[in-house]
Structure formats: structure tokens, C-alpha cells
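Thanks for making the time this morning. I would like to talk through a few details of one structure, so please have the sequence and the model open as we go.

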Amino acid sequence: MRVIVVGGGIAGLGAADRLRDDGHEVVLLEQDSEAGGRCRSVLWHGVWAVTGAFAFLGAETNLADLARKLGIDQPDGLADLTAAHRWNVLVKRQQNVGFGAFDLISAAKHPFIPFAEKARLLATLPKLGQIAITSDPRDITSAAAFDDVNACEYFRRFSPTFVDYFLEPCVAMFCGYGEDDFSLAWTAWSTAGRLSWSGDQIWSFKERGAGRITWELGRSLAADPRVDLRLGASVADVRTHADGVEVDVVHDGRSETVRGDAVVMAVPGNKVAALMPGLDAERRAFFDGVDYAGHHIVYYLLDRPKDDLLDTYVLPAADGFRRTGNLRFTDMGNGTTFAHSQWKDWGCRQHAGASTAELLTIAWSDVVDALPQLAETRVIDSFVSRQPDAICKRPKGYIRGLRRFLDLGPMPRVAFCGDYLTNSTVGQAHWSGLKAAEDLIARGD
């Protein structure tokens, strides 16, 4: 087959890789100047700063397999970030409370949670245990029976402290979510089983960080004569017909129509409907309902050593931190400190029209608001990685809607992939690309 892959993030790269390995011709269209999507890195003041995803889960073995395939799995080139992902919540702007793994049992054991609330939290374990036992770690829709309530709404009945100082700040740190952006079903499914943030090793690369895996895979695909990788290619329209597919694209200032036998749609779910005017009403309704949380990352080089600053501060919305979700600090060993802050979706939306200079000013004011001791610190340099569509939201009802979409079955000559079909880890998104390619191969479209 000649397959057109629209989107060169980790899902699209995974689909293209699987297709070329099976002997198919691939045209990979990516609108940016580098493949990788939300999993890329830039070199800044001698540090590899990621522009989206920070790390990988050890349980997601497909990424380890990919690293071996690309020859970048040398032990001296890998970084174990498990300890670095420990987190401290700045409670009531005064007390730094350290939390362990992101799971209900760890929270229930924590001395910060009042005893009466712990007892009520433990009473929820049978219901959540049912999700852990019955859910398929590769199928988010297996948890659809618990998709009728948002997680914060559910747990607030049992422990407001757990919601305000554990659940909301932790999920906001990883995803940028607000309280209404994630259901009980997603929360329990994503923290249970072998694809969780609880107890798994978290790893990355010393060179280029998480973005190395997409950079290396992009280079591998670009060097393969079976793959036509077009960077800076903006797709305007995708059409299917009985004999194949047509994709209208602008590349190097020229408009053309690329033709193939099938297409893999590997763009964020909220971009699909606009690119496919021929979608049926049922599929269009699903894609129109897909929403993404913003998650800007702001980097700073500070003219001071780290000294008494902790590695991580997680900022709860309950104490007024609605915009910035967390701060991280790394001592550079030369009298300077490398730092970054991450915004929650609320802040990204509130300042969607702000200039880069305005965003940097607002972001630094949040840092000083959280840590007043930095008020007189000189910022040597800073930059912001804007991620207005970083991570798919999964509010109550989303997983059931996804199940209805999947129950429609495949579209002729089309396969979909992306984080909106599963979870928003790099490994899950990559796996969705592999699955999309394998579905097309099996169907022989």
C-alpha cells in the first residue's frame, strides 16, 4: 500500500515505522519543521529542555523496544528519573508536604490526611479495586462503567483534603487538568495495573531528554527510501473514495494533492473534524467533543545557586494557584539554577492571546508569589514552550463516548491514532500508532 500519515508526533511516527517495516510506502506529513509533536527537546544554555513530554514509564515496553531498535538503549545514555518525580505540595503557602507514589493507598497512609478522612478513603478501595482487576491496561473503555462522575467530585465526598492537596495538584502537575477535566474512570484506570505512575520506573535519555526518541525515529524514517517525510507540510483537507484517499497539502509554498491507498489520521483529536469534511455525523459528533488541556512550560536560568530550594513544588488550586501548577529547580553547579514552571489549562486559556513577553512576565510573577524569597533574583534568560493542546481531557462521559465511537467500527481506508484513544503518556500514544498501522495492514485497505 501507499499510506499517507497525517501528523508526525509520536503516534504518527509509530504508525509510519510499523508500515514501512511491513513493506509499505509511506508519505508522512508534519506541519512543523521537526517531527515529534509534543515529545521534542531543544538545547538551551547547555541543557536539553523538553517542550512537552518529560519522561517515559518503564511499564510501557514498546518504547524500550523502540529504543533498542534505534540503537539508543545504551545504559550509560539513559537516565532514571524515578526519584526526580517525587513531589512536594506547598500547603497553605507555608508547609512543604512530601507525597510518595500517586495512588490511593499512599494517600490514605499519609500523615497529612486527617484520620477520619483516611477511613472514608479506604472505604472506596473495593470499588476502585474492581477497576484494577477488571480493566484492560490497553483499553481505556474497559473502565466505562465508572465514567459517570468526575474524580474530584467523587473523592471530595470522602476526603476534601485528599482532593485539595493530593489529587488536584498531582493531576494538574502531570496533565494541566482542572477539577472537572478527569473522571473517576480515567483516574482509577490510569493509576491501576501495569501502565501507571505508581511504583513504575520513570526514565529518559541523558542527551535530548524525552525528545531523543522522536528525533532518532524521525531521522530513521527520513533516511528510508520507503518513506517520504515532508516537514513543514500543512494539510488542508482529507478525502476518501472507493479507490483511495486524497490529501490536499501546502508544502514549500506549493499546493498539491497527495494520493494514496489509505490514510492514518495522527493529529490531535480536536483537529480531526476540520480536516475531514466528509466525516459521518456520528464520528463528527465524537471529534467535536474532544477537548485538550493547555500545559505551557516556562524555563528560567536564575542568577543564584539552588541553596535551600527544593527540587519540586506542586501548587494547589485550593490555595489560589489556579494558573501555575508546579515549579522545579536544578543546581547547575556554577552559581546558577535551571528552573521551570508548568501552567495549568486554566492559565493557558485565560492568557491565550498574550504575547511571549507577557506570558514570561506573568509566569515569573507566579513563581515569586509561590516563593517570595526569589523576588530579588535576577533571571538571566527565559523562554516558554506553548502547549495550548497538550493533553486530552477525559471528563465524565468521555470514555463512554469513546466506546460508542469505537463501536462504529473502522472507516474504509482510514485509521485513527493519538492520545485521545487511550492515555496521554508517550508510550500509549506510540502504541496507538502501532495499532492503527496494524489495523490497516490486517484490513488490506
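Methionine 265 stands opposite phenylalanine 416 in strand 22, and I should say at once that what we are looking at is a predicted model. The pairing behind that contact is between strand 14, residues 262-265, and strand 22, which run parallel and are joined by three bridges.

Where do these two strands sit in the wider arrangement? They belong to an open sheet of five strands with parallel pairing, in the order 10-2-1-14-22. Strand 10, residues 227-231, and strand 22, residues 414-416, each have a single partner strand and stand at the edges, so one side of each is left without a neighbour in the sheet. From one strand to the next, the twist averages 15°.

Helix 1, which covers residues 10-21, lies across strands 1, 2, 10 and 14, and runs at about 165° to strand 2.

Coming back to the start of the chain, methionine 1 is found in the segment before strand 1, and with 25% relative accessibility it counts as partly exposed. Its C-alpha is 7.5 Å from that of alanine 262, although the two are 261 residues apart in sequence.

For an antiparallel case, please turn to strand 11, residues 233-241, and strand 12, residues 244-251, which are joined by eight bridges. A hairpin connects strand 11 to strand 12 through two residues, and arginine 239 stands opposite glutamate 246 in strand 12.

Finally, is serine 385, in strand 20, buried or exposed? It counts as buried, because its relative accessibility is 7%, and, leaving aside neighbours within four places in sequence, serine 385 is in contact with Thr51, His296 and Ile297.

How values were computed: Residues are numbered from 1 along each chain as its sequence is written. This is a predicted model: local features need pLDDT of at least 70, side-chain atom pairs count only at pLDDT 80 or more; totals for chains, interfaces and linings use all residues. Side-chain values use heavy atoms; hydrogens and water are left out. Two strands pair if DSSP finds at least two bridges between them. Helices (H or I, at least four residues) and strands (E, at least two) are DSSP runs, numbered from the N terminus. Buried means under 20% relative accessible area, exposed over 50%, partly exposed in between (1.4 Å probe, protein chains only). Contact means heavy atoms within 4.5 Å. Axes are lines fitted to C-alpha atoms, for helices over the stretch in contact, and angles run from 0 to 180 degrees between N-to-C directions.
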